[in-house]
Amino acid sequence: MKIIIAEPTGLCFGVKRAITTLEEALKRFGRVYALGSPIHNPQEIERLENFGLAVVHEPSGVPEGAVSFVRAHGVTPEIFAALRERSANIIDGTCPFVKNAQERAKTLSQEGYIVIILGDVSHPEVRGIVGCVSGEVHVLSGAAEITEQFRGKRCGILSQTTQRVETFAALVAGFVSTTPEIKVYNTICRATLARQQSVRRLAGEAEGIIVLGGKNSANTRKLAEIGAVSGVPTLWIEHAGELERSWVRDKRAIGIAAGGSTPDWLMKELIQKLKMM
Ligand code: SF4
């Protein structure tokens with residue numbers, strides 16, 4: 001069996017940066033409080049918890065004077081302010097691509113546009129971007145959600161950093177036909193674009209695609225969707241232990257792709273297991 005590894009794959013720039021920053025902070029302070037899961041990979045979080053990471057779900061969970069960490073996908077300005085009140089030290093791990101999306105949303109709003117965000121309304125990154133908008137804002141999951149309320153209005157459109165390019169393009173096209181003025185910022189991050197492209201290439205070469213990454217990771221979910229849409233059998237797992245021999249049997253070439261928050265050690269484990277099958 002041939003194993004084809006997607007290129008690029010694994011940790012994206014933003015997550016690598018967040019993990020390095022967090023590891024340095026843990027070494028220096030011993031205990032660091034992250035608001036929400038700092039990286040969307042349960043196995044990597046468990047590893048960091050062994051070094052002193054504590055995940056809390058509200059700013060009130062951070063003890064007064066403690067060190068806190070802002071995850072790669074950012075928080076709302078209100079949560080940042082609440083952390084500032086409690087923490088002696090805030091380490092900001094927000095990815096620059098996410099910061100860019102937050103800034104673009106803020107600017108569009110200040111320029112008087114209705115802000116339209118392509119994204120998952122419940123995702124922390126999207127909540128953070130929405131929090132930067134002072135005026136009217138809507139989160140849509142695709143072109144099918146464009147309604148008459150936007151007809152004739154000025155709309156500023158951007159995307160959650162991990163959305164599929166095709167979905168964003170279709171949303172923008174939908175607004176072109178109903179709206180006299182649109183301003184578009186393509187805020188899908190480069191790491192996401194490259195990983196999505198790599199899965200499309202795998203689909204042309206492999207008889208099965210394994211997508212490795214956290215079930216809570218938005219960018220991993222999109223990779224699994226792209227694999228499934230391609231028609232090539234696609235399996236989404238979090239770790240090698242979930243892979244069964246029956247899925248691999250009879251496939252001459254297996255492609256592996258990993259989300260931007262999947263650490264290299266999980267990838268190595270999977271390759272090792274595949275080689276033994
Ligand atoms: S997926 Fe993109 S936006 Fe998210 S952390 Fe990685 S580089 Fe940053």
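Which residues does valine 32 touch, not counting residues up to four places away in sequence? In this predicted model, valine 32 touches Leu22, Ala25, Leu26, Gly52, Leu53, Ala54, Val67, Ser68 and Phe69.

Val32 also turns up in the largest nonpolar core, a set of 23 residues. Along with Leu22, Leu53 and Phe69, Val32 is among those with the most contacts inside that core. Several elements give two or more residues to it, including strand 2 (32-35), helix 2 (42-49), strand 4 (67-70) and helix 4 (96-110). Helix 1 provides the largest share, six residues. There's a second, separate core too, with 16 residues, and Ile210, Ile237, Ile256 and Ala258 are included in it. As a bit of background, nonpolar side chains in soluble globular proteins tend to be buried together.

Now for two individual residues, side by side:

| Residue | Element | Relative accessible area |
|---|---|---|
| Threonine 20 | helix 1 (residues 13-29) | 39%, partly exposed |
| Glutamate 125 | helix 5 (residues 124-130) | 0%, buried |

Glutamate 125 counts as buried because its relative accessibility, 0%, falls under the 20% cut-off. If you leave aside neighbours within four places in sequence, Glu125 is in contact with His73, Val98, Gln160 and Thr161. UniProt lists Glu125 under "active site", though the entry is unreviewed.

Threonine 20 is partly exposed at 39%. If you want a distance to check on screen, try the C-alpha atoms of threonine 20 and valine 137: they are separated by 34 Å, with the two residues 117 apart along the chain.

Methods
Residues numbered from 1 in each chain as written. Predicted model: local features only at pLDDT ≥ 70, side-chain atom pairs only at ≥ 80, totals over all residues. Heavy atoms only, no water. Helix = DSSP H or I, 4+ residues; strand = E, 2+ residues; numbered from the N terminus. Buried < 20%, exposed > 50% of the residue type's maximum accessible area, 1.4 Å probe, protein only. Core = buried A, V, L, I, M, F, W, Y, C linked by side-chain atoms within 4.5 Å. Contact = heavy atoms within 4.5 Å. UniProt positions renumbered as here; feature names shortened; annotations may be inferred.
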